[in-house]
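Q: I'd like to learn how to read a model like this one, feature by feature. Can you walk me through it?

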Amino acid sequence: MLELDNVSKISNGEAHISDVSLRLESGSLNVLLGPTLSGKTSLMRIMAGLDRPTRGRVLSDGRDVTGEAVQKRNVAMVYQQFINYPAMTVYENIASPLRIAGADKATIEREVARASDLLRLGPYLQRTPLNLSGGQQQRTALARAIVKKAGLVLLDEPLANLDYKLREELRAELPKIFSESGAIFVYATTEPSEALLLGGRTATLSQGRITQFGPTVEVFRDPVDLITAQTFSDPPMNLLSMQKSQGRFVKSGLRDIPVPAALMHLEDGPCTLGFRPHNLSLNPGAGTTPISARVMVTEITGSESYVHLVHDDQRWVMLTMGIHDIEADAMLDVHLDTRHLLVFDRNGRTVRARPAGA
Amino acid sequence: MARIDLDHIRHAYLPNPTREEDYALREVHHSWEDGGAYALLGPSGCGKTTLLNIISGLLTPSEGRILFDGADVTGLQPEERNIAQVFQFPVVYDTMTVADNLAFPLRNRGMAEAAVQARVAEVLEMIDLTGIAHRKARGLTADLKQKISLGRGLVRADVNAILFDEPLTVIDPHMKWQLRSQLKLLHRSFGHTMVYVTHDQTEALTFADKVVVMYEGEIVQIGTPQELFERPSHTFVGYFIGSPGMNVLPVSLDGARAQLGSQSIVLPGAPGPTGGKRTELGIRPEYVQFGSEGMPVSIRAVEDIGRHKIVRAMIEGHELAVVLEEDKSVPTDPHVTFDPAGINIYADDWRVKLGD
């Protein structure tokens with residue numbers, strides 16, 4: 001288990017990491033999700049022992065390793081930029097951590113064969129990295145991380161420079177590959193969809209702080225606050241500032257929205273409503289409420305359409321099934337599925353649902 | 001703005017190409033409409049960048065000609081082709097203000113200053129940079145710098161074409177949504193011919209009127225997003241477009257029926273003769289429905305990815321992906337049916353037309 005205990009990192013008077021506490025279990029897959037400069041890489045460097053935190057402790061299986069250099073720790077790291085030894089063959093690249101560790105010939109052969117099988121590098125073992133595609137180069141770097149049998153594997157946006165489809169494949173394979181190893185697996189990404197596809201547990205980061213840490217789908221569905229909800233939405237979360245007044249959300253010039261029964265306990269006053277693009281649709285259904293919005297532009301993905309809307313000076317996106325090429329500037333009635341409505345109080349905290357009558 | 005004709009173009013990076021495989025770009029022969037928005041989509045190494053470089057003039061094709069509005073430009077340098085280009089990484093003049101960066105290509109061509117100001121103001125407004133028009137570019141974030149590059153690409157109204165080479169790579173996911181929709185709006189209002197290279201299907205499908213799918217140096221399909229989704233002409237298109245991609249299952253054909261293991265599937269029409277080639281049935285995960293009747297499947301895994309679930313099932317010994325809505329769950333004793341509207345038949349990877 002790796003534990004960060006109230007860790008902060010300050011350089012040149014600027015806080016890169018603020019009061020982060022995290023417990024990562026052995027054999028777990030953990031996603032760090034946040035935009036560029038939210039602290040993902042800084043946090044990983046502290047976990048690896050590349051940087052020393054300004055405050056707080058790092059514990060590995062209960063042992064304080066805060067000041068311990070990376071060389072002494074059993075850590076593997078893969079970066080967004082593929083890093084390989086250019087003069088060595090793929091085989092030698094993968095074998096290098098084993099050679100450094102003094103493994104015997106048979107072990108090296110066996111481990112390289114296993115890792116190259118997993119990452120489908122078999123046909124390229126005798127080539128040098130620069131004669132490979134980006135995807136193959138990154139798979140070489142990943143294979144090297146696998147043979148190292150590190151207790152902690154840190155992957156910093158490892159698929160960001162790869163083709164969309166290759167990412168889809170590796171994303172599905174990576175958790176399987178690493179779960180066999182029993183290592184703690186930490187994966188940094190800016191993309192909510194990538195976190196959801198990886199599963200495991202997700203920590204959302206904003207300005208050097210962890211805003212929530214829990215099972216990935218739970219953080220997605222039940223974010224604790226507005227900033228977490230926004231960090232975990234792509235397309236961006238649609239927002240609406242209103243006043244709660246008894247059983248209605250109201251704002252002058254806008255249609256009222258009924259308050260869902262489970263949120264009735266929220267006190268009257270200003271609040272923010274948030275919902276994701278797929279919770280808006282062109283057709284009414286059970287539990288929907290109509291809203292008028294102006295159409296900016298429509299994008300069609302094949303099976304679905306993204307309709308960009310403007311409502312009360314806010315930009316929204318609606319994701320709707322089927323092909324709809326709606327004329328720009330048209331006023332449109334869209335229907336909000338209130339079952340998945342998130343409501344944030346004046347401090348940006350999510351209002352917890354309460355069963356009716358409770 | 002111009003129509004672009006690609007006239008029997010082939011390109012090899014080797015000096016003496018002899019075999020098909022020697023060509024990075026195999027025969028391309030197409031005409032692209034004036035004012036169209038085209039996306040070149042494919043994995044790395046498919047030839048899309050080679051084709052873009054041939055259009056921009058960075059590369060002279062080994063064979064064939066390229067024409068803008070009927071005029072042969074094959075031998076012309078990029079600067080002689082009257083095109084605008086936006087690259088993967090921002091190219092801005094750090095010491096100039098945002099507005100001067102946009103004005104640069106116009107002033108270079110001697111446009112009157114009043115017209116320059118008016119045009120720059122219009123583009124700044126459209127890409128939402130009016131607020132920082134008079135700031136120096138130095139010190140701005142990569143996102144904002146790339147917006148400046150996009151603005152400069154769009155500022156000239158009289159270019160033959162605007163070429164984009166993965167322009168949103170450095171942009172954060174949230175900003176991507178805004179920029180993409182703005183590009184689309186700009187295309188609608190200015191009517192430029194645009195060619196946009198990307199490996200990201202969402203970017204390609206949402207940006208383009210026509211998506212050009214490339215695979216191993218060949219164009220395998222040019223179509224609207226809807227055509228690529230509903231009628232992929234090659235199994236590669238079925239795989240590459242959509243997440244997850246199309247399910248491709250080996251079948252034998254018998255009139256208007258396909259036999260998948262012990263299951264017989266009624267087709268929307270009878271395929272023509274396929275000449276005893278390898279035949280497959282393609283069905284997208286979105287067109288597979290769960291129910292208590294139909295073909296039995298076993299469930300390997302259910303991936304909850306937020307707005308929907310991806311169910312990994314097995315049918316007659318083959319993998320089958322199914323998309324399930326957010327609030328639905330997998331039935332016990334699951335069976336599936338295939339929506340006939342989503343069934344395509346392939347012979348040696350190419351789509352076969354179905355009769356009535």
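A: We'll start with a whole chain, then take helices, then strands. Keep in mind that this is a predicted model.

Q: What does chain A contain in secondary structure, and what box do its C-alpha atoms fill?
A: The count for chain A is 8 helices and 20 strands. Along the principal axes, its C-alpha atoms fill a box of roughly 75 × 45 × 40 Å.

Q: How much of chain A is buried, and how much area does chain A expose?
A: A residue counts as buried when its relative accessible area is under 20%. In chain A, 54% of the 358 residues are in that class. The chain exposes about 15,600 Å², and carbon and sulfur atoms supply 49% of that area.

Q: What share of the contacts in chain A comes from residues 24 or more positions apart?
A: Take the contacts with a separation of 6 or more: 66% of them are between residues 24 or more positions apart.

Q: On to helices. At what angle do H4(A) and H5(A) pack?
A: You compare the helix axes, and an angle under 35 degrees counts as roughly parallel. Here H4 (residues 134-147) and H5 (residues 164-179) of chain A pack at about 5°, with their axes 13 Å apart. That is why H4(A) and H5(A) are called roughly parallel.

Q: Which residues of H4(A) and H5(A) meet?
A: One general idea helps first. An α-helix has 3.6 residues a turn, so residues three or four places apart point the same way. Now the case here: H4(A) brings Gly135(A), Arg139(A), Leu142(A) and Ile146(A). Across from them, H5(A) offers Leu166(A), Leu170(A), Leu174(A), Ile177(A) and Phe178(A). By class, this contact has 7 nonpolar, 1 polar and 1 charged residues.

Q: Is H1(B) mostly covered or mostly uncovered?
A: Helix H1 of chain B, residues 48-56, is mostly covered, with 8 of its 9 residues buried. The buried ones are Lys48(B), Thr50(B), Leu51(B), Leu52(B), Asn53(B), Ile54(B), Ile55(B) and Ser56(B).

Q: What comes just after H1(B)?
A: Look at the backbone there: Gly57(B) takes a positive phi of about 100°.

Q: Now strands. What is the strand order in the open sheet with S12, S13 and S14 of chain B?
A: The order is S12-S13-S14, and the pairing is antiparallel. S12 (252-254) and S14 (263-266) of chain B stand at the edges with a single partner strand each, so one side of each has no neighbour in the sheet. From one strand to the next, the twist averages 30°.

Q: How many bridges pair S13(B) with S14(B)?
A: S13(B), residues 257-260, and S14(B) pair over 4 bridges in the antiparallel sense. To trace one of them, go from Ala258(B) to its bridge partner Ile265(B) in S14(B).

Q: Which way do the residues of S22(B) point?
A: Sort them by side of the strand. Ile343(B), Ile345(B) and Ala347(B) point one way, Asn344(B) and Tyr346(B) the other way, and all are buried. That fits the count for S22 (residues 343-347) of chain B, where 5 of 5 residues are buried.

Q: Which strands are joined to S22(B) by bridges?
A: S15(B), residues 279-283, is joined to S22(B) by 5 bridges and runs antiparallel to it. Glu280(B) has Tyr346(B) as its bridge partner there. S23(B), residues 350-352, is also antiparallel to S22(B), with 3 bridges. In that pair, Ile345(B) is bridged to Val352(B).

Q: What sits between S22(B) and S23(B) in their hairpin?
A: There are 2 residues between the strands, and Asp348(B) takes a positive phi near 45° in this hairpin.

Notes
Residues are numbered from 1 along each chain as its sequence is written. Chains are lettered from A and ligands numbered from 1 in the order in which they are written. This is a predicted model: local features need pLDDT of at least 70, side-chain atom pairs count only at pLDDT 80 or more; totals for chains, interfaces and linings use all residues. Side-chain values use heavy atoms; hydrogens and water are left out. Axes are lines fitted to C-alpha atoms, for helices over the stretch in contact, and angles run from 0 to 180 degrees between N-to-C directions. Angles under 35 degrees count as roughly parallel, over 145 as roughly antiparallel, 65 to 115 as roughly perpendicular and the rest as oblique. Contact means heavy atoms within 4.5 Å. Ala, Val, Leu, Ile, Met, Phe, Trp, Tyr, Cys and Pro count as nonpolar, Asp, Glu, Lys and Arg as charged, and the others, Gly among them, as polar. Buried means under 20% relative accessible area, exposed over 50%, partly exposed in between (1.4 Å probe, protein chains only). Accessible areas come from the Shrake-Rupley method with a 1.4 Å probe; for residues, only the protein chains shown count as cover. Two strands pair if DSSP finds at least two bridges between them.
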